[in-house]
Amino acid sequence: MLPGVAYFLLFHYGALVGNVIAFKEYVPFDGLWGSPWVGLGNFQRMFEDAAFWDSVLNTLWLSVLQLVFYFPVPLGLALLLHSLTWSSVRRFVQSVAYLPHFISWVIVVALFQQVLGDTGLLNSGLSGAGLHTVDIIGNPDAFEPLVVAQVIWKDAGWGTIIFLAALAQVDEQQYEAAAIDGAGPWRRFWHVTLPAIRPVIVLLLIMRLGDILSVGFEQMLLQRDAVGPETAEVIDTFVYHQGIVGGDYGFAAAAGLFKGVVGALLVYAANKVAHRLGEQGVYK
């Protein structure tokens, strides 16, 4: 466990010290402690910045879309895989479904551009058939369903791992007893499968809520210029352009700290709700 523990201590917990620049007018040449203090000045500028609130709204809306349309897909896929009786077919389907997770977002976005872009495979076919072409990649109105489809294609298979592990723990005798009592497939799912995997669903929902202000930095950054910042600017890309590109490090750190605090509060609140509903949640 030591390499993993060292990684988190160094790059996650140790890096928290750097949040002090959110309260400073950070100048790299003056260093972390030599830069002048500005107190809550960066946060005041952040809350008065209309571009920041636009990025927050875009982030929340895209997160809600992913939660509604992506989250059920791994569960449904896990149920379908679990129902397969041929282990060889199950392993093959699992391997094919897992594979996109290991492809970087650069490759994923490039694949979608090659298929759905202005000069992609789809438009080449439409043009060859004498039909009107459509640029899905560069269309701001199609951006939201596009990014949700990309997430589903890339990570739905990987998301089935935890659900498959939970389904494997369900006692088969419960299904047999329910079938003897006359329960059909839907009632067996509702009264046997769903109660057995409900703690896992609640746990993943809580973790997803804590990550609701993160919708994929690389995915958004790679497609931001195609549809414009009004459509694709999220908190992570806002921080990148303000800090790394613009050099306003203190202001960008304030936005990043705001995102982290809100995420932590959401996890705490969702965990409290889970406790009131009788679930264990992330922690007791």
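**Group meeting: a walk through an all-chain helix model**

Hi everyone, let's start with one residue: Q113 sits in helix α7, which covers residues 105-116. Before I go on, please keep in mind that this is a predicted model.

So, is Q113 buried or exposed, or something in between? Its relative accessibility is 33%, and because buried means under 20% and exposed over 50%, Q113 counts as partly exposed. Which residues does Q113 touch once we set aside its neighbours within four places in sequence? Those contacts are with G120 and I137. For a sense of distance, take P74, which is 39 residues from Q113 along the chain: the two C-alpha atoms are separated by 25 Å.

Now let me turn to another glutamine, Q150, in helix α9. Q150 has 0% relative accessibility, so this residue counts as buried. Leaving out residues up to four places away in sequence, Q150 is in contact with W105, F112, Q219 and Q223. W105 and F112 belong to the stretch 105-116, that is, helix α7, so you can trace a link from α9 to α7 on your screens.Next, the pocket. How big is the volume of the largest pocket? About 720 Å³. Its lining is made up of 21 residues, and those nearest the centre are Y70, D155, W158, R208 and D211. Two elements each give two or more residues to that lining, namely α9 (143-168) and α11 (185-210). Which of the elements gives the most? That is α9, with seven residues. Helix α9 is also the one that holds our buried Q150.

Let me zoom out to the whole protein. There are 15 helices and zero strands. The C-alpha trace spans about 75 × 65 × 35 Å along its principal axes. Of the 284 residues, 35% are buried. If you look at contacts with a separation of 6 or more, 63% of them join residues 24 or more positions apart.

Finally, the surface and the charges. About 16,600 Å² is exposed, with carbon and sulfur atoms supplying 67% of that area. On the charge side, we have 14 positive and 22 negative side chains, and the centres of these two sets lie 13 Å apart.

That's my tour, and I'm happy to go back to any of these residues with you. Thanks for listening!

Methods:
Residues are numbered from 1 along each chain as its sequence is written. This is a predicted model: local features need pLDDT of at least 70, side-chain atom pairs count only at pLDDT 80 or more; totals for chains, interfaces and linings use all residues. Side-chain values use heavy atoms; hydrogens and water are left out. Helices (H or I, at least four residues) and strands (E, at least two) are DSSP runs, numbered from the N terminus. Buried means under 20% relative accessible area, exposed over 50%, partly exposed in between (1.4 Å probe, protein chains only). Contact means heavy atoms within 4.5 Å. Accessible areas come from the Shrake-Rupley method with a 1.4 Å probe; for residues, only the protein chains shown count as cover. Lys and Arg count as positive and Asp and Glu as negative; His and the chain ends are not counted. The place of a charge is taken as NZ of Lys, CZ of Arg, CG of Asp or CD of Glu. On a 1 Å grid over the protein atoms alone, a cavity is a set of points where a 1.4 Å probe fits but cannot get out, and a pocket is an open set with protein on both sides within 12 Å along at least five of seven lines; lining residues have an atom within 4 Å of a point. Grid points are joined across faces, edges and corners, and a volume is the space filled by probe spheres set on the points.
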